[in-house]
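User: Hi! I'm new to reading protein structures. Could you walk me through this one?

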Amino acid sequence: MRQIRSFLTITAAAGVFAAAATAGAQTYPTGTDPRDALASGRLDAGVAAKGMSLVSFTTKPAQFDTARGLTFANSDLAFGGDYVYQGNFAGFTIWDVRDAAHPKIVSVIKCTTSQGDPSIYGTLLFISAEGNGNRKDCGSGGVQKPEDHMAGVRIFDVSDPANPRFVMNVETCKGSHTHTIVPHPKKKDVIYLYVSGSQAARPNTELAGCVNGDDPADESNSLFRLDVIRVPLDHPERSTVVTGARIFTGLDAAPRAAGRPARGRPAPTAPGAAPAPPPAPTGPRNCHDVTVYPERHLLAGACGSYGLLVDIRNPEKPVRLSAVADTNFSLWHTAVFSNDGRKVVFTDEWGGGTSPMCQKSSMMEMGGNTTVTISDDRKFTQHAYFKIPSAQTAQENCVSHNGGLIPVPGRDLMAQGWYQGGVNVIDFTDADHPFEVGYFDRGSIDPSPLGADVPVTPAPATPPAGGRARGTIGGSWGAYYFNGYIYSSEIDRGFDVLELKPTDQLSANEIAAARLVRFENYNPQSQPRLVWPAAFPVVRSYLDQLVRNQGLAAARTTAIDQALTAAEAMSGRDRRRALTALAAEVDKDVAGAKDAARVRTMAAEIRRLAAASR
């Protein structure tokens, strides 16, 4: 099994705790998983799938069709109406997905904007910009004058998707590696962007007022904070940075296991100069990703060496509630809330996304997920680890990355991209025992070396001419369920659309119930609450789960199934009476059920369906 549950609490104070694993080396199953020996190839690699199928694959647009390092790497996705917005380090692509089997490119905008993570709200598209080569005018060729450097968030008007219109750049002191939309709690015409920038503060020659400093409590310090942009939707050209969210104050440097490299990124140096040492150990000064759940006024921050829980009731003055650190996690990368807001899955981008961290030699508890629960007093408790159960080759950059919920009622399911480890579906309903439900994987882009799997080795100081020291960077940047399909942004190859298929772990009724949940806009880092309509597939999803988990006696599940079938054949008042009677019978089942909570919920869904039958 993939989950390892072995923590040792080191410290506990003021809502902060740290955990260290005592587990030994990982135990990848060998020779049993179809993903273990796939043929390589950029566009003709071998494929393995379980519980999902490929609906369509479309190559990158010609403007971005190159594997030259990260220059033209595809990044994250955002969803609005009939369109999917795919970021790229050199711009973005808008896809028309009304026919999922044949996605069409509506427009390709070239705009050097690493890393280009998008989000959408109405007709406004927001793009993160961080790299040193980003220019205010979107042009290529590098920045010639400091004042031409753009780092922050670009805003486009996409009311005409075929002709996106640039609105403005909102510059921030640390740039924007990622950003997250936070709706104003009362004003529908205002949203906020929480901006995660991983750079040091920019010099005043680029942006006045930015200050580097070591004191997290110093309000003048541009570090140790998230930048917050206020966007008036009626006048997005007036968007401005309004505050800095100081959610890190009071956090010390996270403990780390002996012998492992220091966390932190060395400061940039002039060409030819000796590499700078890693920064002095401190608490986090930034988040890689923050995920908000506006319905519950909560934020889960994946913030360097910590995972944070934050109250965002006042978006301009967020308050940290809890924090967790783990010696096994190198870079807390992103987070996904369960729909009830009582659990969070955090990912660890061990190796930064460019290294093969899913080999046989890779530790199981590093570079995967961990689940944490949220108590009534809004504190974190860490539970199990999860990592994909297949050994990838040394040519495949692979580590846990971005994902989002799949709306199956009664279960916590998520889709997730693992770079060249592919896409999978994980059930984390039980925080102590997450498990894999399905997957889609291709072989490596580059041929595998003899022996297939070799220990991770540091990249040489001088990469070979014309190529990278390791294989091409590719695979799924992120995989998300949206209105019936799973969309995956393939970094090098293009754009995948996948579809769930019934298995013994996921029924046709559960898939049908998921398809009933529809959203106009979806940004994975700004989670909407999932709400299902009153419908037979919803009721049958709970029934299928009771059958699968033996949560109710077989005689009763069979009888309920027959009663549902009979009621579905009726209409109007007859159906209502039949369902009302069935709900009363199911109420009686609660007392003797092994899974009483699920039976109770099913009864409520039957009653809701009865009320909707007119």
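User: Thanks! How do strand 4 and strand 31 pair?

Analyst: Happy to help! One thing to keep in mind is that this is a predicted model. Strand 4 and strand 31 run antiparallel to each other, and 7 bridges pair them. As one example, threonine 59 sits opposite glycine 494 of strand 31.

User: And what holds paired strands together in general?

Analyst: Strands of a sheet pair through hydrogen bonds of the backbone, in a parallel or an antiparallel way.

User: What sheet does that pair belong to, and what is its strand order?

Analyst: It is an open sheet of 9 strands with mixed pairing, and the order is 3-28-27-26-25-29-30-31-4. Strand 3 (47–50) and strand 4 (52–59) are at the edges, and each has a single partner strand, so one side of each has no neighbour in the sheet. From one strand to the next, the twist averages 20°.

User: Cool. Switching to helices: which residues of helix 1 are buried?

Analyst: In helix 1, which spans residues 508–515, the buried ones are Glu510, Ile511, Ala513 and Ala514. They lie on the same side of the helix because they cover an arc of only 160° around its axis.

User: What do those buried residues pack against?

Analyst: Their packing partners are strand 29 (476–482), strand 31 (494–500) and helix 2 (536–548). You met strand 29 and strand 31 in the order of the open sheet.

User: Now glutamate 605. Where is it, and is it buried or exposed?

Analyst: Glutamate 605 is part of helix 5, residues 596–611. Its relative accessible area is 13%, and buried means under 20%, so glutamate 605 counts as buried.

User: Which residues does glutamate 605 touch?

Analyst: If we set aside neighbours within four places in sequence, glutamate 605 is in contact with Val538, Val539 and Tyr542.

User: Last topic: strand 15. How many of its residues are buried?

Analyst: In strand 15 (residues 226–232), 6 of the 7 residues are buried, so the rest of the structure largely encloses this strand.

User: Which strands does strand 15 pair with?

Analyst: Strand 14 (residues 190–196) is antiparallel to strand 15, with 6 bridges joining them. Strand 15 also pairs with strand 16 (residues 240–245), again in the antiparallel sense, over 5 bridges.

User: What are the bridge partners of isoleucine 229?

Analyst: Isoleucine 229, in strand 15, is the bridge partner of leucine 193. In strand 16, its partner is valine 241.

Notes:
Residues are numbered from 1 along each chain as its sequence is written. This is a predicted model: local features need pLDDT of at least 70, side-chain atom pairs count only at pLDDT 80 or more; totals for chains, interfaces and linings use all residues. Side-chain values use heavy atoms; hydrogens and water are left out. Buried means under 20% relative accessible area, exposed over 50%, partly exposed in between (1.4 Å probe, protein chains only). Helices (H or I, at least four residues) and strands (E, at least two) are DSSP runs, numbered from the N terminus. The arc is that of the directions from the helix axis to the C-beta atoms. Contact means heavy atoms within 4.5 Å. Two strands pair if DSSP finds at least two bridges between them. Axes are lines fitted to C-alpha atoms, for helices over the stretch in contact, and angles run from 0 to 180 degrees between N-to-C directions.
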